[in-house]
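Thanks for sharing this one. Here are some notes to read with the model open beside you, as numbered points.

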Amino acid sequence: MTGLALVWESSTGLRPLSAVPDALIGAGSRVRPFSAAGDPADAERRLALLSPRARALLEHLDNGGGEGTTGGARTGLSPEQAETPVEELLAHQLLVARDRTTVLLPGEVAVALRGGHTTAEPVDVVPPLATSDRDAALIDRGAAGAAFETVRRIELLLDLWSTEPPTVLRAGGLGVRDLKAAAAYLQVSEPTAALLVEVAFAADLLAAGPNHEGDPCWLPSDAFDGWCGQPVEQRWERIARAWLQSARMPALIGSRDPVGKARNALVPDLASVFASEARRMTLAELAGLEPGQVLATGTGVPSLVARVAWQRPRRPRFRDDLVVGTLEEAATLGVSGLGGLARHGRALLDDEDAAAVLAPLLPSPVDHVLLQADLTAVAPGPLEAGLARRVQLVADVESRGGATVYRFTPTSVRRAFDSGWTSGEVHSFIAEISRTPVPQPLTYLVDDTARTFGNIRVGMAEAFLRADDTAALAELLHHPKAASLGLRQIAPTVLVSSTPVDILLPRLRDLGVAPVVESPDGTVRVARRDVQRCRTPRSRRADGLTIAREQAHVAQVVTAIRAGDRAAASRPVVPAGTVSSPSSSLAALRAAIETRSPVWIGYVDNHGTSSERIIDPVRVEGGHLTAYDHRSDDIRSFAVHRITAVRAVDRRG
């Protein structure tokens with residue numbers, strides 16, 4: 001081990017490097033540091049003297065990380081005087097007190113508790129995968145159907161957002177309401193809608209940009225039109241490859257972050273460098289199954305999670321969520337089917353031409369529909385991309401599947417008229433795409449909708465001017481200086497203006513007109529300034545609460561003064577010009593942690609203020625010292641590079 005730089009030789013024997021226990025704990029061994037006189041054989045002898053309740057508590061403490069609280073247990077008792085399991089463990093010296101309220105499980109006790117092993121379960125055995133038999137052809141066909149649905153849904157969603165784009169949140173991302181609306185429009189669950197949105201974003205088909213008003217919105221990118229013109233298999237390969245390589249984590253959308261805030265789709269921080277690795281490792285395990293083998297229902301997913309965790313034991317905890325999310329996302333996107341990796345999914349993983357493998361499995365597009373007398377049209381297969389868009393403009397999708405059913409309604413026909421179609425163009429289009437005669441009810445529907453379309457016209461106006469004197473209105477309308485007011489006459493006694501009322505009123509007065517403001521009910525409204533008020537101050541706090549706060553403040557000040565006096569008394573005498581090196585300070589801190597001794601430190605905070613403190617060091621990791629500070633009477637963290645000096649002090653000082 002010395003050759004591997006895992007231990008070093010000291011005067012007391014071999015000692016491990018400080019990073020070795022952390023590495024072992026991260027690998028799942030839960031190894032704790034041995035105490036100064038740690039002996040597993042002696043620990044086994046003391047374990048044999050425990051009661052069943054005390055041993056059960058010790059095993060629970062070992063499974064929970066080896067650290068717990070005393071819970072008011074007494075110390076310094078003999079085994080015969082112990083009344084609780086904690087007191088019994090302390091009496092047998094199977095727990096070590098770190099401070100007044102915390103106890104630790106020594107490493108030798110943990111090893112003895114596990115029968116002489118550093119882990120509770122063997123870690124050198126590859127976890128098996130739970131599998132079952134399934135026809136490979138069924139896997140490919142199921143995955144191909146999901147791949148086709150993924151392409152179609154992304155196209156539908158981005159087509160909708162090209163005219164009705166959702167806004168970008170102030171902190172970035174997609175709003176919860178917009179995600180729910182997208183899920184309802186696509187007739188899928190919210191996690192599935194979130195996945196489709198994230199995949200479209202990863203494939204550069206969706207991006208943030210300004211709308212007509214200049215507000216930031218989520219819009220289809222300029223690559224979307226070119227993508228829509230490609231065959232289905234090529235469109236799928238682009239989005240599937242983008243998903244495989246993406247660092248985004250769609251599986252975590254909707255969950256809570258460490259501060260309790262829900263994660264939104266498309267937020268910038270929903271990414272990890274481990275996401276792509278987790279996807280490839282998960283798919284690689286599926287690719288390693290025998291042909292015709294898939295993950296077993298119920299037990300297959302946990303076994304795969306355990307296999308990936310065994311291969312990369314030091315990855316973050318959310319890696320298990322990434323593995324489970326990868327299986328769900330692969331099934332939704334058509335990379336896998338029925339718990340197994342499809343042939344085109346295997347080609348995608350091997351960076352081969354996945355589109356060529358998928359193409360024979362996809363249904364051929366059709367260019368016609370079958371009209372029925374109940375104002376519906378049935379597409380006997382997937383419509384061609386351009387034809388599908390035109391049909392969805394004049395009819396609503398009623399159901400999707402192997403055959404898509406469209407329904408003609410007055411609203412859908414009016415939607416075609418709003419986009420610029422005439423009634424003749426609608427009749428011609430319906431007759432052209434149908435393999436059956438056009439039913440008479442559908443002809444009547446188009447004609448009736450066209451007859452009522454545009455009867456009422458709507459314009460925009462900011463204000464209106466009304467007067468019984470038509471000559472006065474005519475004079476104002478033709479006034480040379482009134483051209484900029486945007487006046488237009490809609491009746492002999494009514495003018496409308498495109499200028500807001502608050503701007504129109506003073507400009508009319510400049511023209512010599514004396515207008516008054518009319519309220520919605522037709523009465524004259526007198527303009528006057530609003531009366532303003534401020535908030536009433538809160539009542540003073542209750543006297544009892546004020547006294548309690550003052551007493552707590554006084555106690556805190558007294559504690560700080562006493563800690564300062566003790567620190568001043570423990571100040572080391574250092575010759576002028578002598579500066580403690582970081583390595584010596586770090587060695588002194590580690591020695592204090594092992595012996596659980598208080599130390600005096602000189603500390604400079606990030607504002608450059610120097611202070612002297614008495615602390616009880618707990619641990620040093622990541623360049624920071626965690627210790628109990630006698631001055632603040634609390635556990636706090638110190639940056640090691642800001643500690644100027646360290647000196648051991650008397651525990652009774």
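1. Let me start in helix 2, which covers residues 40–47. Asp42 and Arg45 sit three residues apart there, so about one helical turn separates them. Their side chains form a salt bridge, with an N to O distance of 2.7 Å. Please keep in mind that this is a predicted model. Asp42 is partly exposed, since its relative accessibility is 27%. Arg45 is partly exposed too, at 49%.

2. How far apart along the chain are the partners when Arg435 meets Asp367? They are 68 residues apart, so you will need to look at two distant parts of the chain. Arg435 belongs to the loop between helix 18 (423–433) and helix 19 (440–452), while Asp367 lies in the loop between helix 15 (354–358) and strand 12 (370–371). The N to O distance in this salt bridge is 3.7 Å. Arg435 counts as exposed because its relative accessible area, 57%, is over the 50% cut-off. Asp367, with 42%, is partly exposed.

3. A third pair worth a look is Glu518 and Arg466, a salt bridge whose closest N and O atoms are 2.3 Å apart. This pair also links distant parts of the chain, with Glu518 in strand 19 and Arg466 in strand 16, 52 residues apart. Glu518 has a relative accessible area of 30% and is partly exposed.

4. Salt bridges also occur as a network: Glu155, Asp159, Arg235 and Arg389 are joined into one through shared partners. For the whole structure, the salt bridges number 26. As general background, side chains with opposite charges can pair when their charged atoms come close.

5. Now for the second largest pocket, with about 780 Å³ of space. Which residues lie nearest its centre? They are Phe464, Leu465, Arg466, Pro515 and Val516, out of a lining of 29 residues. Two or more lining residues come from each of strand 16 (463–466), helix 20 (470–477), helix 21 (501–510), strand 19 (517–518) and strand 20 (524–525). By class, the lining has 19 nonpolar residues, four polar and six charged. Arg466 therefore appears in two of my points: it is among the residues nearest the pocket centre, and it is the salt-bridge partner of Glu518.

6. Strand 16 also takes part in an open sheet of three strands, ordered 16-18-17 with antiparallel pairing. Why does one side of strand 16 and of strand 17 (487–491) lack a neighbour in the sheet? Both strands stand at the edges, and each has a single partner strand. From one strand to the next, the twist averages 30°. Strand 16 and strand 18 (residues 494–497) run antiparallel and are joined by four bridges. To check the register here, find Ala463, which stands opposite Ser497 in strand 18.

7. Finally, please turn to the start of the chain, where strand 1 (residues 7–10) pairs with strand 2 (residues 13–16). The pairing is antiparallel and runs over four bridges. A hairpin of two residues connects strand 1 to strand 2. For the register in this case, look at Glu9, which stands opposite Leu14 in strand 2.

Conventions:
Residues are numbered from 1 along each chain as its sequence is written. This is a predicted model: local features need pLDDT of at least 70, side-chain atom pairs count only at pLDDT 80 or more; totals for chains, interfaces and linings use all residues. Side-chain values use heavy atoms; hydrogens and water are left out. On a 1 Å grid over the protein atoms alone, a cavity is a set of points where a 1.4 Å probe fits but cannot get out, and a pocket is an open set with protein on both sides within 12 Å along at least five of seven lines; lining residues have an atom within 4 Å of a point. Grid points are joined across faces, edges and corners, and a volume is the space filled by probe spheres set on the points. Ala, Val, Leu, Ile, Met, Phe, Trp, Tyr, Cys and Pro count as nonpolar, Asp, Glu, Lys and Arg as charged, and the others, Gly among them, as polar. A salt bridge is a side-chain nitrogen of Lys or Arg within 4 Å of a carboxyl oxygen of Asp or Glu. Buried means under 20% relative accessible area, exposed over 50%, partly exposed in between (1.4 Å probe, protein chains only). Two strands pair if DSSP finds at least two bridges between them. Axes are lines fitted to C-alpha atoms, for helices over the stretch in contact, and angles run from 0 to 180 degrees between N-to-C directions.
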